[in-house]
Amino acid sequence: MRIALTFDDGPNTTTTMHVLDELKRYGIRASFFLIGQNITEASRAAIARQIAEGHTVECHAWTHSRMSTMSAKEITGEIERTNALIQEYSGQTPQFFRPPYIDVSELMFRIIPMPFICGQGVEDWEDSVSAETRASRIVENARDGQIVLLHDREGNEKTVEALRLCIPALLEKGAEFMTVREIFPRCGVNPHVAGKLWTNLLP
């Protein structure tokens, strides 16, 4: 069972680091979708650690705004500004894009030259959802070729707790964890499909 864990809304100096601790505990690689405005000198160490520990960093836009209402110039600015900073701080060129709020438009699909990633969410942006519920949703919904949508935004420690619960359970079920860059070729799927939001790669 091939699974890609992904994390939105970082980087930061607290929760991002705690997520990385859990991934390191089990030798798991994941993908982090970064908000451009959060890429600062303060978060440089988090990005450096992500790269050093084998994770990939991808684009989650500059301001985390609803982009379907933006002009072509505004959309391009959100992407290019973020990608340039990710390249500067990580040495990696982002290959995938997750639209904030999974809010998309035909214009976005047309002018953003990257595959769009959605993912199986567990409502971990809602503080009322417990760590146990988050973990059980991840495990119960897991399937081969799945991208899982989580958040390492500052203060979201319930998702850190959920990782402690769900990773061992998924490993027992034979899960193999990988980055979004790895899961597409491993599943024999071309991510460059016009107008596609990817969550499950396989039927």
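**View 1. The largest nonpolar core, and the residues at its centre of contacts.** In this predicted model, the largest nonpolar core has 34 residues, and L5, F7, L23, F32 and L170 are the ones that touch the most other members. Plenty of elements chip in: strand 1 (2–10), helix 1 (15–26), strand 2 (31–34), helix 2 (44–52), helix 3 (72–90), helix 5 (131–141), strand 6 and helix 6 each bring at least two residues to this core. Helix 6 gives the largest share, with six residues. A separate core of 13 residues lies apart from this one, and F33, M178, F184 and V189 are among its members.

**View 2. Zooming in on L23.** L23 is one of the residues that touch the most other members of the largest nonpolar core. Setting aside neighbours within four places in sequence, L23 is in contact with L5, F7, I28, A30, F32, H55 and I167. Three of the names on that list, L5, F7 and F32, also belong to the group touching the most other core members.

**View 3. V148 in strand 6.** Here we look at V148, which sits in strand 6. V148 has a relative accessible area of 2%, so it is buried. Q120 is 28 residues away along the chain, yet the C-alpha atoms of V148 and Q120 are just 4.7 Å apart. Beyond its neighbours within four places in sequence, V148 is in contact with I3, A4, L5, T6, Q120 and I138.

**View 4. D152, a buried acid without a salt bridge.** Just past strand 6 (146–151), D152 lies in the loop that leads to helix 6 (157–172). D152 is buried but makes no salt bridge. The nearest side chain of opposite charge belongs to R98, and that is 8.4 Å away, whereas a salt bridge would need the atoms within 4 Å. What does show up is the backbone nitrogen of G10, 3.4 Å from a polar atom of the D152 side chain. Not counting residues up to four places away in sequence, D152 touches F7, D8, D9, G10, N12, T15, T16, V19 and F32.

**View 5. Cysteines with no partner.** The structure has zero disulfides. For C118, the nearest cysteine sulfur is that of C59, 16 Å away. For C187, the nearest is the sulfur of C118, at 17 Å. A disulfide would need two cysteine sulfurs within 2.5 Å, so neither C118 nor C187 is in one. C118 counts as buried because its relative accessibility is 16%, and C187 does too, at 12%.

Definitions and conventions:
Residues are numbered from 1 along each chain as its sequence is written. This is a predicted model: local features need pLDDT of at least 70, side-chain atom pairs count only at pLDDT 80 or more; totals for chains, interfaces and linings use all residues. Side-chain values use heavy atoms; hydrogens and water are left out. Helices (H or I, at least four residues) and strands (E, at least two) are DSSP runs, numbered from the N terminus. Buried means under 20% relative accessible area, exposed over 50%, partly exposed in between (1.4 Å probe, protein chains only). Lys and Arg count as positive and Asp and Glu as negative; His and the chain ends are not counted. A polar contact is a pair of N or O atoms within 3.5 Å; within protein, one must be able to donate a hydrogen and the other to accept it, and residues adjacent in sequence count only if both atoms are side-chain atoms. Contact means heavy atoms within 4.5 Å. A nonpolar core is a set of buried Ala, Val, Leu, Ile, Met, Phe, Trp, Tyr and Cys residues joined through side-chain atoms within 4.5 Å.
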